[in-house]
Amino acid sequence: MATLKEISEITKLSPSTISRILNDDSTLNVQESTKKRVLEVAEQLNYKFSKKHKVHSKNIHFTVFSFFSEKDEINDPYYLSIKYGIKNEALLNNIDVSFVYDGNFELIENTDGIIVIGTISDKNLEILEKHTECILLLDQDKKHPKYDSVGIDLEEITNDIMNYFIKCGFKKIGYLGSRDFVKVEDIRERAFLNFSIINNIDYKDNIYIGENFSSSVGYKLGIEMIEKGNIPEAIFVANDSLAIGLLKACHEKNISVPNTLSIFSINDIPAAEFMFPSLSTVHTHSEYLGVASIKLLLDKFISKREFPILMIIPSTLVFRESCKK
């Protein structure tokens with residue numbers, strides 16, 4: 001079994017500092033990158049907490065359930081960051097976590113709690129309820145009357161971006177996104193439409209909806225928009241991956257960003273800062289979404305709390321080069 005000394009030899013930190021990090025000592029003042037490094041090394045060495053460090057006596061197992069594939073997750077830094085937060089917080093609390101992809105209900109084994117990532121229907125929730133009633137919904141479009149939820153306020157984010165577009169003087173504004181369910185508007189799309197109608201914004205013929213939220217779809221929709229010859233002054237893009245694909249299409253078709261088209265998106269993935277031009281986006285603290293999910297689900301499991309809690313993680317607009325100021 002790995003020891004604090006072995007972790008110390010790799011990280012070059014004192015065993016006492018490592019111990020305080022692994023036990024989530026709130027009084028310890030170290031950089032977040034240092035904490036991440038210690039947690040990564042501890043996981044690689046299969047470090048196990050001693051019994052005196054356990055916050056619970058029962059061996060707890062949580063399942064993270066999603067409808068996207070593991071390949072999709074690997075290609076999306078937003079979901080990778082959420083997974084990182086989940087794994088590290090689970091490690092700190094001595095919780096075993098398994099990940100189930102592609103909506104494969106058959107792979108769910110005995111579990112004490114389930115974190116559902118992304119939109120899920122009531123019918124599918126009923127299937128999960130057969131395994132446990134300790135369920136948390138992560139990154140959902142709306143709160144649930146029965147289960148805890150952790151997410152960001154996409155409606156508020158949409159309104160913030162649209163208000164910024166208005167302050168910039170844009171009259172013709174578009175939207176580029178996708179949907180979890182073909183016939184159901186995504187909350188960002190719905191908020192965009194409501195804002196546009198209320199504020200008399202010219203949005204007709206400037207809404208582009210693809211089959212998923214990937215860069216390849218953003219590229220495809222970008223080419224479609226440009227070739228149609230009806231380019232808006234500014235466009236709100238549902239996430240950074242789509243926006244990166246749109247930027248590629250603009251480069252290929254010689255569409256100047258932001259002089260011809262201003263772009264603003266959501267998530268602030270690591271690549272956003274290094275695109276050309278750098279991407280104006282919304283920082284969503286995605287890693288902490290994963291951390292908060294474990295914390296809240298553990299509280300539900302231990303306390304047997306009967307009422308649901310809705311936790312909204314705040315976000316911040318990040319202004320870069322892809323949008324006119």
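**Where does Pro277 lie?**

Pro277 lies in the loop between S9 and strand S10 (281-283). Helices (H or I, at least four residues) and strands (E, at least two) are DSSP runs, numbered from the N terminus. This is a predicted model, in which local features need pLDDT of at least 70, side-chain atom pairs count only at pLDDT 80 or more, and totals for chains, interfaces and linings use all residues. Residues are numbered from 1 along each chain as its sequence is written, and side-chain values use heavy atoms, with hydrogens and water left out.

**Exercise 1. Find the cis peptide bonds at Pro258 and Pro277, and place Pro258.**

Step 1. Recall the background: most peptide bonds are trans.

Step 2. Check the bond from Val257 to Pro258. It is cis, with omega near 15°.

Step 3. Check the bond from Phe276 to Pro277. This one is also cis, with omega near -5°.

Step 4. Place Pro258. It sits in the loop between H10 and S9.

**Exercise 2. Describe the surroundings of Val257.**

Step 1. Locate Val257. The loop between helix H10 (240-252) and strand S9 (262-264) holds this residue.

Step 2. Decide on burial. Val257 has a relative accessible area of 13%, so it is buried. The classes are: buried under 20% relative accessible area, exposed over 50%, partly exposed in between (1.4 Å probe, protein chains only).

Step 3. List the contacts (heavy atoms within 4.5 Å). Neighbours within four places in sequence are set aside; Val257 then touches Leu247, Cys250, Ile263, Pro277 and Ser322. Pro277, from the opening question, is on this list.

Step 4. Compare with Thr17. The C-alpha atoms of Val257 and Thr17 are separated by 47 Å, and the two residues are 240 apart along the chain.

**Exercise 3. Classify Asn94 and Lys304 by phi, place and exposure.**

Step 1. Recall the background: most residues other than glycine have a negative phi.

Step 2. Read phi. For Asn94 the value is near 60°, which is positive. For Lys304 phi is near 60°, positive again in a residue other than glycine.

Step 3. Place each residue. Asn94 is in the loop between helix H5 (77-92) and strand S2 (95-100). Lys304 is in the loop between helix H11 (286-303) and strand S11 (310-312).

Step 4. Assign exposure. Asn94 is partly exposed because its relative accessible area is 22%. Lys304 is exposed because its relative accessible area is 56%.

**Exercise 4. Place Glu155 and give its exposure.**

Step 1. Find its element. Glu155 belongs to helix H7 (residues 154-167).

Step 2. Read the area. Glu155 has a relative accessible area of 42%, so it is partly exposed.
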